[in-house]
Protein chains: 4
Amino acid sequence: MNTFGTIFRLTSFGESHGTGVGGVIDGMPAGIAVDMEFIQHELNRRRPGQSAIVTPRKESDTVEILSGVFEGKTTGTPIGFVVYNQNQHSADYDSLRQVYRPSHADYTYQQKYGWRDHRGGGRSSARETISRCVAGAFAKLALNTLGVDIKAFTSQVGPVTLKGSYQDYNLDDIEKNIVRCPDADTAEKMIELIAEVREEGDTIGGVITCVARHVPPCLGEPVFNKLHADLGSAMLSINAAKGFEYGMGFDGVQYRGSEMNDVFTRRENRITTLTNHSGGIQGGISNGEDIYFRVAFKPIATILRDIRTLDYAGNPINLKAKGRHDPCVLPRAVPIVEAMTAMVLLDHYLLNKTRHL
Amino acid sequence: MNTFGTIFRLTSFGESHGTGVGGVIDGMPAGIAVDMEFIQHELNRRRPGQSAIVTPRKESDTVEILSGVFEGKTTGTPIGFVVYNQNQHSADYDSLRQVYRPSHADYTYQQKYGWRDHRGGGRSSARETISRCVAGAFAKLALNTLGVDIKAFTSQVGPVTLKGSYQDYNLDDIEKNIVRCPDADTAEKMIELIAEVREEGDTIGGVITCVARHVPPCLGEPVFNKLHADLGSAMLSINAAKGFEYGMGFDGVQYRGSEMNDVFTRRENRITTLTNHSGGIQGGISNGEDIYFRVAFKPIATILRDIRTLDYAGNPINLKAKGRHDPCVLPRAVPIVEAMTAMVLLDHYLLNKTRHL
Amino acid sequence: MNTFGTIFRLTSFGESHGTGVGGVIDGMPAGIAVDMEFIQHELNRRRPGQSAIVTPRKESDTVEILSGVFEGKTTGTPIGFVVYNQNQHSADYDSLRQVYRPSHADYTYQQKYGWRDHRGGGRSSARETISRCVAGAFAKLALNTLGVDIKAFTSQVGPVTLKGSYQDYNLDDIEKNIVRCPDADTAEKMIELIAEVREEGDTIGGVITCVARHVPPCLGEPVFNKLHADLGSAMLSINAAKGFEYGMGFDGVQYRGSEMNDVFTRRENRITTLTNHSGGIQGGISNGEDIYFRVAFKPIATILRDIRTLDYAGNPINLKAKGRHDPCVLPRAVPIVEAMTAMVLLDHYLLNKTRHL
Amino acid sequence: MNTFGTIFRLTSFGESHGTGVGGVIDGMPAGIAVDMEFIQHELNRRRPGQSAIVTPRKESDTVEILSGVFEGKTTGTPIGFVVYNQNQHSADYDSLRQVYRPSHADYTYQQKYGWRDHRGGGRSSARETISRCVAGAFAKLALNTLGVDIKAFTSQVGPVTLKGSYQDYNLDDIEKNIVRCPDADTAEKMIELIAEVREEGDTIGGVITCVARHVPPCLGEPVFNKLHADLGSAMLSINAAKGFEYGMGFDGVQYRGSEMNDVFTRRENRITTLTNHSGGIQGGISNGEDIYFRVAFKPIATILRDIRTLDYAGNPINLKAKGRHDPCVLPRAVPIVEAMTAMVLLDHYLLNKTRHL
């Protein structure tokens, strides 16, 4: 299924080496001002070739809006868009036509569909996330008018970990370095590690943390489509994601209820909580506190080393690695995490409007 | 939204202290033999009062099938079912009518709906999971005929952790102890800890691990509705769940791609992998290896201690704890994790049949 | 698929001779007063045995609400409900176990599912419409607070046709006769015809007209899910429905555009139209004028005559007709048409709220 | 909502005078040969300027496939496509910017969205149906391999009616004349009438009949999503459609059950029926006989006469008609009816595969 969301919905299409990638955004509210520079800027944040620690592929990735926007505002009708592919080196992949690369989707696509577009991973390529960044940018335009603020950042690369909580840092500093970590010192260590890993022709994983502030209370459904379940589904749909936790997450399991409960208090005439171990969501519904969660990304499978694997006939084959790849998915995944978060929050904001006459 | 799934779908209803809980199972394949004893047995595994470490509430929780089964087989039409509530002590909750209990859904329901059924948590009660156990049992009946085997177990309670991998244990031993851990020694420590926590009127969290074996390759969708994204969404929809990871999960982020890639090999004329860091899913699609994942559960919020909190007017109030509650959600959550897993796998099995003419 | 609607959704279950029929209503807005007498009254309007021209079967059809209503108001959580079956003469159907009755669903169910519950038509029985009347009654409770008024009536039975437009009659007179036609003279002729047809052991078809007044402008989606497309889908899902038309419908095809266009005018400071050939819907969206449409119902297939047909093996067989059946579906279908209309209108009312931030 | 279908799904976008129209086809089975000439040919059948009785606008309407097709076959991944708009005379519509044209969607869009793209009707333009023709062509490619054959034709224009049943004509003759009627004499009368109506600056309605042959028995769902309900919804979503009936439809209401029932018989070892009043669908499920239905289209609202109407402020205004419009929608709607039919049948074919393990 290539549609995400209930009211605000992205239907995505496109392969790495096809004509283009894009999608249709349905359910975008009418009358929202469309800042095309902002949208292209969001897309640029995931663009290859943007820094020394990402793939050197040069792709301009310019989004073309095909419908749904008129005289600078949304009309409420679906927004079609496309980013044409360019600068593909499809011939680089000729040797992969009948080969299963380890920990890629080659084998599973072949099992599922009986055949596949082998060029650049086809549909399994992270190039598909272009469509998410575009849809997420539209969602952000709507959320901005509500005051909702979403910030994601790299909080871990391999063993290099940002210490403490997101509250210890200025999240406006995230874009000040190429790894997108709000602490300059940690960022430097992360960048060094990624450079080192790249030298070795290897890759490395990490963790992205995301914080959504000023989310109105009451977003989320009580049983299925809990707000954190939809956020989890959104994050786990991103290439290379292996885990999701919100609030205290896995760490919280070792504490007692008496330590973890968030005690209510009153501040400036507003009901709030003294702590926020819940991560801004209780019973599947936002409570107005900061929503925060973490997403684990594995080291991506494409390494620049010779690899022994199997071809379609099950015969061993030696793959000569080539191509231009990311040593670490994290820096370019930060805007994708934000985009998916924005899509989920706007979707639930709109859905929640239907809960009363 | 109270419907889960695309083809095989559960629509769930019911509050803790209403007339009953139940649901409608749609998309159950026709002609499957219905073993009612098995279904009731699955439901009994989540029943209160089953052991010394769970809530002492006595509820028989007998499922009544209302439709969709005829002469012992499924007809392909929707299966309505209900479990009538009984033995509720609704008066226990009178004092909670206008109170927000910390880390419960009281405040968020009130914000979302404008009012709420305060008795026993209403819709936010884990009693809703009865409907999942019933639907999961039907899904298992179908999956059994395909040879798919699903086993969940308690792998951590507070700091007490089952060492090693699921492959080090005999998963047939899970039901041999009341905490549902396949290692007798670890189980004993977990049980002791839960007993101790209960003595203190407190609660404790933990982790459930789930393994699905003999899943055919090719289940899962390539972009959204990846198999692990749907499993994640399913698990995160369970009460008290705070995190989900599959394969190497969060631990895997510190390794290099060269260490994490699962190398293909041939065994008994079948293509398989030497390692299974991917957790049986590549590119969102099952590859035929074991699927395994972990779910984090927080300590549940209801503690038997006096609690200072706020009432609807924002005034401080002192809650006298009472009621019959679980000190640890884990033992009773094991069958729920299995049930949701079964629902997701059957749904994807059926959906996958549509990918070819 | 046994779920209808996008936001306000009915998931229906139940067979004619199973334990019961019922459903789950999801998306009912919170805080609506629930008038149980009204709901049972709506159900009584479709009840067998209510008059001399419908089936003499005696079924009390008492609805039991299982969840979602607390202290007389909706809570916003799903409303489970069941009507237990009673007074079934299942043995009446023993001879039909391996037989295909003409123009029933016996053959197609057998082809689709491989087997079927043969008793009373199983899932294909119009008894399933009980669940629609209940869900429609809830929808009406919500629509009432918005001032929307829905009235359906029998406008044709066989060749007996109500002359003129719905505006020529007082729609409050519909319930004054047992055929549910707002004109006493025409009603009498219809009743006579039905009695005559029943004498002959035969059945007869007809047309139901439905009018929805005071529907706010802007309900309906512009491309798919046009308001009339969803109304059409709703009506065509009712047993024995063979056609749907709105506004001038099939009759309008012979006119010129210059005759059919509804000219705008201003009345009491409101923009309205001089004529309403469009039936209150333009471009798929309500325009605030009366919505009206017609639904064709075939004569039901069950006739009380000896019938030659085939058994499962394809051998000719002679069916001895028995049982207690309706000679004409129209009088009891009137409340079902209203119920489905209410469900569609409320669903679109809620959906439309999401079109702006 | 701009998505149609459950498994085989079209998500459509585009306005008349925006950059382009197009869509995403999801759920197309993998491995189907893609005949691009056929797809463009299907699109050409709805193209403006194709004959003397349709709008003289010249639009080449060339479809560009953006994804999902590789080396001439479908890959199972979503098929993005676009038809760029060209030759728009947007200035023709300047005078309509703040005007409500009678029986158009101007007023209802304005009410729903608060503003609208006034050029050429924007999203309400029949130009949107381009996306349906493309998706329908893909569906036909899949259905062709199953032997399913779909033919639509003009059976009525104003009062000029094709006599008798579809079985009296050779449906291969449909494309032999520009009005797409299988009888040459009737076609000539229709063409004359349309020419005359055009002379008068007026428009005229009509009826399209569609026949689907060799549809396997068992397509369709028993309660909601009955095959005819989904066909009805599909047809009623086409611009200017006002009614839908299948089998004997509205005419059948005057007959007795004993006349209308389709008696089973055996022919060449196959169970079939002597008559087909049911239109190939019983209980919502195809029975293997021909499926046939009729769709009513109103005269389109755009007439080339001076029109008195209202502007946004409610002031009377005189519209000088201009532009290049169709005097009758029927000839160009024939391929759209076929396309929607193909989409519904393929969707149900795929969905039906999930009804057994």
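Here are some worked exercises on the predicted model shown above.

## Exercise 1: Two interfaces of chain A

**Task.** Describe how chain A meets chain B: how many residues are in contact, and how much area do the two chains bury between them?

**Solution.**
- Step 1. Start with the contacts: 105 residues of chain A touch 105 residues of chain B.
- Step 2. Turn to the area. Chains A and B bury about 8100 Å² between them, with 61% of it on carbon and sulfur atoms. Within chain A, the residues that lose the most area to chain B are A:M1, A:K112 and A:F224, together 11% of what that side buries.
- Step 3. Look at the polar side of the interface. There are 6 salt bridges across it, and 41 residue pairs are in polar contact. By class, the side of chain A that touches chain B has 45 nonpolar, 40 polar and 20 charged residues.
- Step 4. Find an example on screen: B:R256 and A:E200 form a salt bridge, with their closest N and O atoms 2.5 Å apart.

**Task.** Now do the same for chain D and chain A: which residues and elements of chain D contribute to the side that touches chain A?

**Solution.**
- Step 1. Here 41 residues of chain D are in contact with 41 residues of chain A. The two chains bury about 3400 Å² between them, 59% of it on carbon and sulfur atoms.
- Step 2. D:L66, D:F70 and D:W115 supply 22% of the area that chain D buries against chain A, more than any other three residues.
- Step 3. Count the polar links: 2 salt bridges and 22 residue pairs in polar contact.
- Step 4. Go through the elements. Those of chain D that give two or more residues to this side are β2, β3, β4, β6 and β7. Strand β2(D) gives the most, with 5 residues.
- Step 5. Sort this side of chain D by class, and you get 12 nonpolar, 18 polar and 11 charged residues.

## Exercise 2: Salt bridges in different settings

**Task.** The structure holds 100 salt bridges over all chains. Where do the partners C:E71 and B:R97 lie?

**Solution.**
- Step 1. Recall the general idea: side chains of opposite charge can pair when their charged atoms come close.
- Step 2. Check the pair. The closest N and O atoms of C:E71 and B:R97 are 2.5 Å apart, and the two residues form a salt bridge.
- Step 3. Place the partners. This pair crosses between chains: C:E71 is in the loop between β5 and β6 of chain C, while B:R97 is in the loop between β7 and β8 of chain B.
- Step 4. Look at exposure. C:E71 is partly exposed at 49% relative accessible area, and B:R97 is partly exposed at 37%.

**Task.** Why can the salt bridge of C:E175 and C:R45 be said to tie together separate parts of chain C?

**Solution.**
- Step 1. Confirm the bridge: the closest N and O atoms of C:E175 and C:R45 are 2.7 Å apart.
- Step 2. Locate both ends. C:E175 lies in the loop between β10 and α4 of chain C, and C:R45 in the loop between α1 and β4, so the pair ties together parts that are 130 residues apart in sequence.
- Step 3. Compare their surroundings. C:E175 is partly exposed, with a relative accessible area of 42%, whereas C:R45 is buried at 7%.

## Exercise 3: Charged residues without a salt bridge

**Task.** A:D26 has no salt bridge; which side chain of opposite charge is nearest?

**Solution.**
- Step 1. Find A:D26 in strand β3 (residues 20-26) of chain A.
- Step 2. A:D26 is buried, and the nearest side chain of opposite charge, A:R9, is 5.0 Å away. A salt bridge needs the atoms within 4 Å.
- Step 3. Look for another polar neighbour. The backbone nitrogen of D:N2 lies 2.7 Å from a polar atom of the A:D26 side chain.

**Task.** Is D:E15 buried or exposed, and which residues of chain A does D:E15 touch?

**Solution.**
- Step 1. D:E15 sits in the loop between β2 and β3 of chain D.
- Step 2. D:E15 is buried and has no salt bridge, the nearest side chain of opposite charge being D:R123, 5.1 Å away.
- Step 3. In chain A, the contacts of D:E15 include A:S67, A:G68, A:T75 and A:T77.

Technical notes:
Residues are numbered from 1 along each chain as its sequence is written. Chains are lettered from A and ligands numbered from 1 in the order in which they are written. This is a predicted model: local features need pLDDT of at least 70, side-chain atom pairs count only at pLDDT 80 or more; totals for chains, interfaces and linings use all residues. Side-chain values use heavy atoms; hydrogens and water are left out. Helices (H or I, at least four residues) and strands (E, at least two) are DSSP runs, numbered from the N terminus. Buried means under 20% relative accessible area, exposed over 50%, partly exposed in between (1.4 Å probe, protein chains only). Lys and Arg count as positive and Asp and Glu as negative; His and the chain ends are not counted. A polar contact is a pair of N or O atoms within 3.5 Å; within protein, one must be able to donate a hydrogen and the other to accept it, and residues adjacent in sequence count only if both atoms are side-chain atoms. Contact means heavy atoms within 4.5 Å. Buried area is the accessible area (1.4 Å probe) that two parts lose on being put together, summed over both. Ala, Val, Leu, Ile, Met, Phe, Trp, Tyr, Cys and Pro count as nonpolar, Asp, Glu, Lys and Arg as charged, and the others, Gly among them, as polar. Lists of a residue's contacts leave out its neighbours within four places in sequence.
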